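These are my notebook entries on one protein model. I set down each item as I looked it up.

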Amino acid sequence: GMDIAELCAIGDKHIEEQCDKEFRKGGADGEKVFKGLAFPTSVSCNDLTAHYAPHAKETTGKTLKDGDVAKIHMAAHIDGYVSQVAHTIFVGDHDKLHEKAGDVTNAAYTAAELAMR
């Protein structure tokens with residue numbers, strides 16, 4: 001698996017590149033529009049609750065492997081307005097999930113989708 005610090009760096013780079021590509025012009029008054037990362041990308045695995053974001057050049061020795069549950073959290077801002085997204089995913093073959101863990105996570109995800117409607 002890939003080192004979690006590398007995954008976080010890839011997420012940060014993606015946000016910066018997309019913001020630079022999409023929002024090149026200045027604001028309505030001609031001033032520069034500040035944009036980019038709202039906070040560092042975090043990938044929290046298994047027993048880590050949330051917001052695990054190692055330093056940019058840190059090697060953690062922590063990698064994602066089959067059967068892991070990963071929480072990915074990313075956020076961007078455009079001119080001070082923040083948008084964030086977080087997802088919980090299973091790493092690897094979904095058929096190998098433990099029945100109860102898969103059922104509970106799927107139920108929580110479905111309940112969250114219903115609550116957002």
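**Entry 1: a histidine in a strand**

With which side chain does the side chain of His-73 make a polar contact? I found that the partner is the side chain of Gln-84, at 2.8 Å. I note at the outset that the model is a predicted one, and I read every value below with that in mind.

I next placed His-73 in its element, which is strand E2, residues 69-78. I then asked whether His-73 is buried or exposed. His-73 has a relative accessible area of 14%. This value is under 20%, so His-73 counts as buried.

I also listed what His-73 touches, leaving aside its neighbours within four places in sequence. The contacts of His-73 are Phe-39, Pro-40, Thr-41, Ser-42, His-51, Gln-84, Val-85 and Ala-86. Gln-84, the polar partner, thus appears in the contact list as well.

**Entry 2: the largest pocket**

I turned to the largest pocket, which holds about 310 Å³ of space. Which elements give two or more residues to its lining? They are strand E3 (81-90) and helix H2 (99-116). H2 gives the most, with six residues.

The lining has twelve residues in total. Those nearest the centre of the pocket are Ala-86, His-87, Thr-88, Ile-89 and Tyr-109. I recorded that Ala-86 is a pocket residue and also a contact of His-73. Sorted by class, the lining has six nonpolar, five polar and one charged residues.

**Entry 3: salt bridges**

How many salt bridges does the structure hold? I counted two. As a reminder to myself, side chains of opposite charge can pair when their charged atoms come close.

One salt bridge joins the side chains of Glu-17 and Lys-13, at 3.8 Å from N to O. Both residues belong to helix H1 (residues 4-22) and lie four residues apart, about one turn of the helix. I compared their accessibility. Glu-17 is partly exposed, with a relative accessible area of 40%. Lys-13 has 52%, which is over 50%, and therefore counts as exposed.

The side chains of Lys-65 and Asp-68 also meet in a salt bridge, at 3.9 Å from N to O. Is Asp-68 buried or exposed? Asp-68 is buried, because its relative accessible area is 5%, where the cut-off is under 20%.

**Entry 4: a pair apart in sequence**

I looked up Ile-10, which is also placed in helix H1. Ile-10 has a relative accessibility of 49% and so counts as partly exposed. I then took the C-alpha distance from Ile-10 to Thr-41, and it is 8.6 Å. In sequence, Ile-10 and Thr-41 are 31 residues apart. Thr-41 was already in my notes as a contact of His-73.

**Entry 5: positive phi values**

Finally, I examined the backbone in two loops. Asn-46 has a phi near 55 degrees, a positive value in a residue other than glycine. Where does Asn-46 lie? Asn-46 is in the loop between strand E1 (35-45) and E2, and it is partly exposed, with a relative accessible area of 38%.

Asp-79 likewise has a positive phi, near 55 degrees, and is a residue other than glycine. Asp-79 lies in the loop between E2 and E3. With a relative accessible area of 46%, Asp-79 is partly exposed.

Notes: Residues numbered from 1 in each chain as written. Predicted model: local features only at pLDDT ≥ 70, side-chain atom pairs only at ≥ 80, totals over all residues. Heavy atoms only, no water. Buried < 20%, exposed > 50% of the residue type's maximum accessible area, 1.4 Å probe, protein only. Polar contact = N/O pair within 3.5 Å; in protein donor to acceptor, adjacent residues only side chain to side chain. Contact = heavy atoms within 4.5 Å. 1 Å grid on protein atoms, 1.4 Å probe; cavity = no way out; pocket = protein on both sides within 12 Å on 5 of 7 lines; lining within 4 Å. Points joined across faces, edges and corners; volume = space filled by probe spheres on them. Nonpolar A, V, L, I, M, F, W, Y, C, P; charged D, E, K, R; others polar. Salt bridge = Lys/Arg side-chain N within 4 Å of Asp/Glu carboxyl O.
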